[in-house]
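Visitor: I'd like a close look at one part of this model, the charged pairs and what surrounds them. Could you walk me through it in one go?

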Protein chains: 2
Amino acid sequence: MLVDGKPYRTIWLADDEPGLVRIIDQRKLPFRFEIADLRTTEDAARAIVEMYVRGAGLIGATAAAGMYLAAIESAAEEDFEASIQKRADFLCEQRPTAVNLRWAVERSLGELAAENSTESKIAAARQTAIDVADEDADFCRRIGEHGLDLIREIHEKKGGGDAVVNLLTHCNAGWLAFVDYGSATAPMYAAHDAGIPIHVWVDETRPRNQGARLTAWELGQHGVPHTVVADNVGGHLMQNGLVDLVITGTDRTTFTGDVANKIGTYLKALAAKDNGIPFCVALPSSTFDWQIRDGVREIPIEQRGGEEVTVMSGVPENGDDEIEIRISPETSPAANFAFDVTPARLVSKLITERGICEASEEGVRSLYPENFA
Amino acid sequence: MLVDGKPYRTIWLADDEPGLVRIIDQRKLPFRFEIADLRTTEDAARAIVEMYVRGAGLIGATAAAGMYLAAIESAAEEDFEASIQKRADFLCEQRPTAVNLRWAVERSLGELAAENSTESKIAAARQTAIDVADEDADFCRRIGEHGLDLIREIHEKKGGGDAVVNLLTHCNAGWLAFVDYGSATAPMYAAHDAGIPIHVWVDETRPRNQGARLTAWELGQHGVPHTVVADNVGGHLMQNGLVDLVITGTDRTTFTGDVANKIGTYLKALAAKDNGIPFCVALPSSTFDWQIRDGVREIPIEQRGGEEVTVMSGVPENGDDEIEIRISPETSPAANFAFDVTPARLVSKLITERGICEASEEGVRSLYPENFA
């Protein structure tokens, strides 16, 4: 997607310098746009654990790129196999619960194992890094195409032409969380690029403000009209006909259609239901949990530190160096549940790389029969 | 209620010095607790317009106190009547939409008109200032008594004894918005003081953070166990059995039971309904709108500046002087709807100074038949 008018991905291999991986350092967004260079396995690990990069798709792509750097380093070691395995383990340790991290590392190890020479192992690792990123981008692009149909339909119902389709999204399921396009944002970018007038209400997404910081920034950079709102506002907007479609991403969706996503998603789904507005969830199929039937009861919800609620980060007037302020009494504790689960009954549609389906076991089965063996 | 272990109201007349009114300067809470002295009509007007004081009940009490100061000043003028009228108009101009302001000023003028001597006019204005404050406090105290019954019932259902009743509230409908007790908080203070173990989830209440700043502070000062949460969290808490009762205040409630309150209230009411949790609204009867039938369609919703969303205020580490930071991209606009309307169908009960009723025309009529002539 565009940044300062120039197309970017969140991660790429430098064309002109072997062994150089570049990423957007997302820690400083939206106040500073900086590119970070990764030249060692250590660099890649740091980018993952210190959250230069975040989002399942992007963590996987960074891990695959890290394995390419690990292969180059291992070629200089006495025992290539021992070295690459050590580095693979090191990468996996950085965020042990990130499924895509381990998946990408193991995929790279498998490709390496099929090669004999050190040189061809390095080439295989490089190609795997490229493939993982390209596939992630391709899945998101396809989600965008399918979601575009929904937006086009609404646009036509509203009379087409200059009629604006109003969308609402929560958190950042944008291209910054993947390699390109994003999940929830992919249909928005596709519609905008197809010339359909859209406007996006961006939920601030307390406490970490991923909407106000990241979604607002990426939509703005790509030229998509948008407005930041407090998380409290969505119900009022829907009640007053100011939202045509809600699209969010998801951190985990059960094969029965229950959606775990950033805390507050459930409240927006309730408001959409109460006002007859479609509530859609966009996801690559890697996000499905094929084991869990009852998301509300069975998906564990992470609790994070209360200081994420009581301390806010931003820039003072005319500055771009972030500072922190406390916004509540020092003696008042805060709780910080990071996710909630929206029951399938409140979800209108799932938008996947294979198409759109109902948020139900039957719906998911219709697109992914091979997972219902 | 208690501050640093000592009972306070938000406004009082100094015992030892005629012509001195004291208020809590709420602008600096929760970071600094400061008392401001009002000695002139000008001081009272400034306290109202610069929001040293806020909340319908407290604005009314401050206006009545301002009229006492105006009477003292007018006694020194050539034409008492012209002077007091000029000062009354001046007070009313400060926040023209605040119903209680005009009401209190006119009540004071009426009492003054019944007296003949300047001295007795001053005495009448002083007594009116005391009466307005006492009546506000008394109405809130009675709301607390009625609401206490609801909390006691839940406590008993949970087995009594050490069982904790979990409440959730949105915004600040606390004693800081009135003279004492508050509306939504009155049942909480009553239950706490009666020895029923309660715990309050305090919605941060973006964008102006009245929950995180004021409700958390006043509950903490009075010793009521509480936890600050982002506005996104309530749905998850209710889904997981962590809330027994929601109580909010209201800025305006129709005689049919539709509730205008701080933006985001509607989302909590939806979640309460979805999880079978009582959602109650506490209000003195002065908050009823006896004209409007359909709150969702007819109550105008104020839109405020977007900078309230994009700029946050708080204190740096180890500081107590507030500073401001921007939390989103400079180029992203923000919208700021200040209130929303919760339809009566989502409201379980109204808690008033006369008792508890259904949120419906029939319910309200049963308590306030004189307003249905």
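To start with, is B:Glu34 buried, partly exposed or exposed?

Guide: Bear in mind that this is a predicted model. B:Glu34 comes out as partly exposed, since its relative accessible area is 27%, and the buried class stops short of 20%. Its salt-bridge partner is B:Arg32, with 3.7 Å between the closest N and O atoms. B:Arg32 is partly exposed as well, at 28% relative accessible area.

That pair is one of many: over all chains, the structure holds 68 salt bridges. Another one in chain B joins the side chains of B:Asp134 and B:Arg9, at 2.8 Å from N to O. B:Asp134 belongs to helix α5 (residues 118-157) of chain B, while B:Arg9 sits in the loop between β2 (6-7) and β3 (11-13), so this bridge ties together parts that lie 125 residues apart in sequence. B:Asp134 is partly exposed, with 34% relative accessibility, and B:Arg9 is partly exposed at 28%.

For a local case, take B:Glu106 and B:Arg102, whose side chains form a salt bridge at 3.5 Å, N to O. Both are in helix α4 (residues 99-113) of chain B, 4 residues apart, which puts about one helical turn between them. As a rule, an α-helix has 3.6 residues a turn, so residues three or four places apart point the same way. B:Glu106 counts as partly exposed at 45% relative accessibility, and B:Arg102 is partly exposed with 45% too.

Over in chain A, the charges join up into a network of salt bridges linking A:Lys28, A:Arg32, A:Glu34, A:Asp320 and A:Asp321. Within that group, the side chains of A:Arg32 and A:Asp320 meet at 3.4 Å, N to O. To place them, use the domain assignment of chain A, which gives domain 1 (2-135) and domain 2 (144-372). Between these two domains there are 3 salt bridges, along with 10 residue pairs in polar contact, both residues being at pLDDT 80 or more. On the domain 1 side of this contact, β1 (2-3) and α2 (56-75) of chain A are the elements that give two or more residues, and α2(A) gives the most, with 4 residues. Sorted by class, that side has 14 nonpolar, 5 polar and 6 charged residues.

Now the overall layout of that interface. The C-alpha centres of the two domains of chain A lie 27 Å apart, and the contact takes 25 residues from domain 1 and 19 residues from domain 2. About 1,900 Å² is buried between them, with carbon and sulfur atoms giving 56% of it. A:Leu2, A:Phe31 and A:Arg54 supply 31% of the area that domain 1 buries against domain 2, more than any other three residues.

For contrast, here is a polar residue that touches the other chain. A:Gln239, in helix α8 (residues 234-239) of chain A, counts as buried at 16% relative accessibility. A polar atom of its side chain lies 3.0 Å from the backbone oxygen of B:Val341. Beyond its sequence neighbours, A:Gln239 contacts A:Asn275, B:Tyr266, B:Val296, B:Val341 and B:Pro343. Of these, B:Tyr266 is among the buried residues of α9(B). In that helix (residues 265-274), 8 of the 10 residues are buried, so it is largely enclosed by the rest of the structure. Just after α9(B), B:Gly276 adopts a positive phi of about 65 degrees.

Note on methods:
Residues are numbered from 1 along each chain as its sequence is written. Chains are lettered from A and ligands numbered from 1 in the order in which they are written. This is a predicted model: local features need pLDDT of at least 70, side-chain atom pairs count only at pLDDT 80 or more; totals for chains, interfaces and linings use all residues. Side-chain values use heavy atoms; hydrogens and water are left out. Buried means under 20% relative accessible area, exposed over 50%, partly exposed in between (1.4 Å probe, protein chains only). A polar contact is a pair of N or O atoms within 3.5 Å; within protein, one must be able to donate a hydrogen and the other to accept it, and residues adjacent in sequence count only if both atoms are side-chain atoms. Contact means heavy atoms within 4.5 Å. Domain bounds come from an automatic or database domain assignment. Buried area is the accessible area (1.4 Å probe) that two parts lose on being put together, summed over both. A salt bridge is a side-chain nitrogen of Lys or Arg within 4 Å of a carboxyl oxygen of Asp or Glu. Ala, Val, Leu, Ile, Met, Phe, Trp, Tyr, Cys and Pro count as nonpolar, Asp, Glu, Lys and Arg as charged, and the others, Gly among them, as polar.
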